[in-house]
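Colleague: I am new to this structure and would like a close look at one part of it, the active-site residue named in the record and what surrounds it in the fold. Please take it step by step.

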Amino acid sequence: MKGLSKSKIQNLIQEAIKVRNFAYCPYSNFKVGACILCEDGTLYTGCNVENGSFTVGNCAERCAYVKAISEGKTKFKAVAVVAQQENSFTTPCGTCRQFMGEFGNVDVYMTKPTSEDVLVCSLDELLPYQFNL
Ligand SMILES: [Zn+2]
């Protein structure tokens, strides 16, 4: 594990699991939840929101980021992502990696819905050489 205590990581993961229940995903039935820890200690959660025009949908990670940013938060420490694959870790998609990268490097904690196994990578590890202006 990287910079957070085990209890903070588990809290982040539990919040991501809870918000996953609100995922709007009638097309894929693939529920995802995410929870961000801001540098000031506040948490913001997000779930995926699909749309009949598929490309218009939004991922859980960007949902959580947009909620936080719209309330003035732009400094983040960590993100937890929980989906429903039991046999592999669900990692943020490329669009989310680029989106999150705009706001700096964070540790990303990925877990399976019924497992204590946690994969942790920095965003820089997930998206090396990201685009920057
Ligand atoms: Zn995504």
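Is Glu61 buried or exposed, and what is its relative accessible area?

Modeller: This is a predicted model, in which local features need pLDDT of at least 70 and side-chain atom pairs count only at pLDDT 80 or more, while totals for chains, interfaces and linings use all residues. Residues are numbered from 1 along each chain as its sequence is written, and side-chain values use heavy atoms, with hydrogens and water left out.

Glu61 is buried, at a relative accessible area of 5%. The class follows from fixed cut-offs: buried is under 20% relative accessible area, exposed is over 50%, and partly exposed is in between, with a 1.4 Å probe and protein chains only. Glu61 belongs to helix α2. Helices (H or I, at least four residues) and strands (E, at least two) are DSSP runs, numbered from the N terminus. An unreviewed UniProt entry places the feature "active site" at Glu61. UniProt positions are in the numbering used here, feature names are shortened, and annotations may be inferred rather than shown by experiment. An unreviewed entry there also lists residues 7-133 as "domain: CMP/dCMP-type deaminase". That span is 28% helix and 22% strand, and its end C-alpha atoms lie 37 Å apart.

Next comes the metal. Three sulfur atoms, the SG atoms of Cys59, Cys93 and Cys96, coordinate the zinc ion at 2.3 Å. Cys59 sits in the loop between β2 (43-47) and α2 (60-69), and Cys93 in the loop between β3 (76-82) and α3 (94-101), so this pair ties together parts 34 residues apart in sequence. Along the chain the donors have the spacing C-x33-C-x2-C. Donors here are N, O and S atoms within 2.8 Å of the metal (3.2 Å for Na, K and Ca); water is not among the atoms, so sites may look incomplete. Cys59 is partly exposed at 22% relative accessible area, and Cys93 is partly exposed at 31%.

Cys59 also leads to the largest pocket. This pocket holds about 300 Å³ of space. It has 19 lining residues, and the closest to its centre are Val32, Asn48, Glu50, Asn58 and Cys59. A pocket is found on a 1 Å grid over the protein atoms alone, as an open set of points with protein on both sides within 12 Å along at least five of seven lines; lining residues have an atom within 4 Å of a point. The lining comprises 9 nonpolar, 7 polar and 3 charged residues.

Helix α2 has one further link to follow, through the loop after it. Asp40 forms a salt bridge with Lys73, with the closest N and O atoms 2.7 Å apart. Asp40 is in the loop between β1 (33-38) and β2, and Lys73 in the loop between α2 and β3, so the pair ties together parts 33 residues apart in sequence. A salt bridge is a side-chain nitrogen of Lys or Arg within 4 Å of a carboxyl oxygen of Asp or Glu. Lys73 counts as buried, at 18% relative accessibility.

Methods:
1 Å grid on protein atoms, 1.4 Å probe; cavity = no way out; pocket = protein on both sides within 12 Å on 5 of 7 lines; lining within 4 Å. Points joined across faces, edges and corners; volume = space filled by probe spheres on them. Nonpolar A, V, L, I, M, F, W, Y, C, P; charged D, E, K, R; others polar.
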